[in-house]
Amino acid sequence: MDSLAKGGRVVIGMVGLPARGKSYIARKIARYLNWQQIKCEVFNLGQYRRDLCGTKECTADFFDPNNLEGVKAREQCAQLCLEDMIEFLTTGGGKVAVYDGTNTTVERRRMVRDAIKKSIPKCTVIWVESICTDDKIIENNIKSAKLSNPDYKGVDPDQAIKDFLERIEQYKKKYEELSEETDGEDCSFVKLYNVGKRVVVNNINGYLASKVVSYLMNLHVNPHPIYLVKAGETQFLLENRLGGDAPLTENGKKYAKALNEFFKKEKSEGKITEGTKIFTSTLQRTTQTAQAIDIGCKIHKMRILDELNYGVCEGFSLKELEEKYPTELSERKADKLRYRFLRGESYLDLIHRIEPVIFEIEKSKEPVIVVADTSVLRCFYAYFSKHEIQDVPFLPVPLNTVVKLIPEAYFCYENLYEINIESGEVKEQQNPKSLETKRVPRTISHIFYRGKE
């Protein structure tokens, strides 16, 4: 039986050297579990260190295992982070917590397990270790960390890379990989080699743990663009009707033509590759829009990407809905996320329906283009840009606009491209959004680093 079913909790502890994608993986796990309505939060040791010790003082020497002052400060940060995590699981309503740090020694992992076992006897601890031997992956991760890691904000890029490489060497001095011999035969862990090329699983039991492992096997840390494209204009859209399978209007066809020019330009600039996939639904408006994108990419038609099923209300305008099913309309307004149309679906149903496509996008190392309707795109946009699940039914999906997302460890870079269907002119708007939830430590009264109490 799963730990959650028994009233227990789950802690997922990250393990690995810097620049191995741990924070990216940690945030992805939390995003996925919250998407599955399992309350999960990431507790990032690096954020605690930055809050309590600053960043300018934490150069590579700070992480030297022979730097006793630095070791003491980092241990205190780890303890504070652990205490806050336990509080979240015991009194904060949390179901799963991700302890995001290097945790590179058996001693540190044992300390974490013992503290959790003492406070939450029914809690299951699962370690996720990211091991990289591929120099190209490490190089890409270092560049990503250098650009987006808060430790190096405002630091010269070359100096940042130099310091980061030195930090890695400091951690290597005492790094101990996970194993049954050192961490115990009963230790539950997943080892990811070169971000999913090889996966080793040990002592993993239960529904939730299995879902996490399945998710991890479809994950990698190479950032790639995800283009969200709303189908062009239809008569149903002009009449504000629900669902249907209407073809594109003349304006819709103009947009599809302009969209093709947009993606041709993206390809000429190297942003679209030969391996790019186009996912679309089986409806006329989306397939017509997708088929107009003539850039040599394979189109995958998928019924699970069809618009929200409106059941008996299919084809109704909102005015007709109010006249024929006034009670249904009021119930929908009261809880748009959970409201299920008679013989149809709710947004929650839709979220679960598109999960296989989310897995496909996560495991893709090439750009992905999703051409779909408003309801479907709301789900994808919320997932990748870290909106709360209750916001899904209300997210704006503008017509004749391409949304480009590039999720990374600490940020999701978001660009909007508004396309003029008459002139083909593209108006770009950049809107980077932080993916990191900053948690303020409960107290810093016993931090002695830099001689301060």
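Okay, quick definition before we start: two strands count as paired here if DSSP finds at least two bridges between them. And keep in mind that this is a predicted model.

So, the sheet. We have six strands in an open sheet, and the order runs β2-β3-β1-β4-β5-β6, with mixed pairing. At the edges sit β2, residues 40-44, and β6, residues 198-202, and each of those pairs on one side only. Ignoring direction, neighbouring strands in this sheet are turned by 15 degrees against each other on average.

Let's look at the β2 edge. β2 runs parallel to β3, residues 96-100, and the two share five bridges. If you want a spot to click on, Cys40 stands opposite Val96 of β3.

Now, what packs on this sheet? Helix α4, residues 106-119, does, and it touches β1 (10-15), β3 and β4 (124-131). The direction of α4 makes about 160 degrees with that of β4. Then there's helix α8, residues 207-216, also packed on the sheet, with contacts to β1, β3, β4, β5 (188-193) and β6. The direction of α8 makes about 5 degrees with that of β5.

Last thing, a helix pair. The axes of α1, residues 22-35, and α16, residues 374-385, come within 9 Å and cross at roughly 140 degrees. Roughly antiparallel would need an angle over 145, so α1 and α16 go down as oblique to each other. Who makes the contact? On α1 we have Lys28, Arg31, Tyr32 and Trp35, and on α16 Cys379, Ala382, Tyr383 and Phe384. By type, that contact has six nonpolar residues, two charged and no polar ones.

Notes: Residues numbered from 1 in each chain as written. Predicted model: local features only at pLDDT ≥ 70, side-chain atom pairs only at ≥ 80, totals over all residues. Heavy atoms only, no water. Helix = DSSP H or I, 4+ residues; strand = E, 2+ residues; numbered from the N terminus. Axes fitted to C-alpha atoms, helices over the stretch in contact; angles between N-to-C directions. Contact = heavy atoms within 4.5 Å. Parallel < 35°, antiparallel > 145°, perpendicular 65-115°, else oblique. Nonpolar A, V, L, I, M, F, W, Y, C, P; charged D, E, K, R; others polar.
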